[in-house]
Amino acid sequence: MPDKRYTKSNLPEKICAACGRPFAWRKKWARDWDNVKTCSERCKGDLRARNRSA
């Protein structure tokens with residue numbers, strides 16, 4: 001498995017599913033980047049609450 005290395009100038013970004021803001025890759029998400037959907041724990045909680053009420 002090739003090791004993906006990123007420098008600060010070329011970190012991958014995604015759009016948060018809860019707030020719609022862009023957020024960059026973090027080292028703690030290295031193994032799970034494909035499954036990360038929100039930028040923070042707060043947004044994760046907001047998204048779960050929104051899905052429960054819908």
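For sorting a pocket lining by class, Ala, Val, Leu, Ile, Met, Phe, Trp, Tyr, Cys and Pro count as nonpolar, Asp, Glu, Lys and Arg as charged, and the others, Gly among them, as polar. Keep that handy for the pocket further down; what you have on screen is a predicted model.

Let's start with the overall layout. The chain has one helix and two strands, and reading from the N terminus the order is β-β-α. With 54 residues, the globule rule would give a radius of gyration of 10 Å, but the chain comes out at 13 Å, well over that, so it is more spread out than a compact globule. The C-alpha trace tells you its extents too: about 40 × 25 × 15 Å along the principal axes.

Next, burial and surface. Buried residues account for 22% of the 54 in the chain. The exposed area is about 5000 Å², with carbon and sulfur atoms supplying 48% of it. As for contacts, take those between residues at least 6 apart in sequence: 14% of them join residues at least 24 apart.

Now zoom in on two cysteines. Cys16 sits in the loop between strand S1 (13–15) and strand S2 (22–24). Is Cys16 buried or exposed? Its relative accessibility is 3%, and the cut-off for buried is under 20%, so Cys16 counts as buried. Setting aside neighbours within four places in sequence, Cys16 touches Arg21, Phe23, Lys37, Thr38, Cys39 and Cys43. Ser40 lies 24 residues away from Cys16 along the chain, yet their C-alpha atoms are separated by 8.7 Å.

Cys39 is the other one to look at, in the loop between S2 and helix H1 (41–53). With 18% relative accessibility, Cys39 counts as buried as well. Beyond its neighbours within four places in sequence, Cys39 is in contact with Cys16, Cys19, Phe23, Arg26 and Trp29. Take Arg26 from that list: it is 13 residues from Cys39 in sequence and 10 Å away, C-alpha to C-alpha.

Finally, the empty space. Rolling a probe the size of a water molecule over the atoms shows where such space is left. The second largest pocket has a volume of about 270 Å³. Which residues come closest to its centre? Of the 15 that line this pocket, they are Val36, Lys37, Thr38, Ser40 and Lys44. Here the opening definition pays off: by class, the lining holds seven charged, four polar and four nonpolar residues. Lys37 and Thr38 should look familiar, as both are contacts of Cys16.

Definitions and conventions
Residues are numbered from 1 along each chain as its sequence is written. This is a predicted model: local features need pLDDT of at least 70, side-chain atom pairs count only at pLDDT 80 or more; totals for chains, interfaces and linings use all residues. Side-chain values use heavy atoms; hydrogens and water are left out. On a 1 Å grid over the protein atoms alone, a cavity is a set of points where a 1.4 Å probe fits but cannot get out, and a pocket is an open set with protein on both sides within 12 Å along at least five of seven lines; lining residues have an atom within 4 Å of a point. Grid points are joined across faces, edges and corners, and a volume is the space filled by probe spheres set on the points. Helices (H or I, at least four residues) and strands (E, at least two) are DSSP runs, numbered from the N terminus. The radius of gyration is taken over C-alpha atoms; the globule rule is 2.2 Å times the number of residues to the power 0.38. Buried means under 20% relative accessible area, exposed over 50%, partly exposed in between (1.4 Å probe, protein chains only). Contact means heavy atoms within 4.5 Å. Accessible areas come from the Shrake-Rupley method with a 1.4 Å probe; for residues, only the protein chains shown count as cover.
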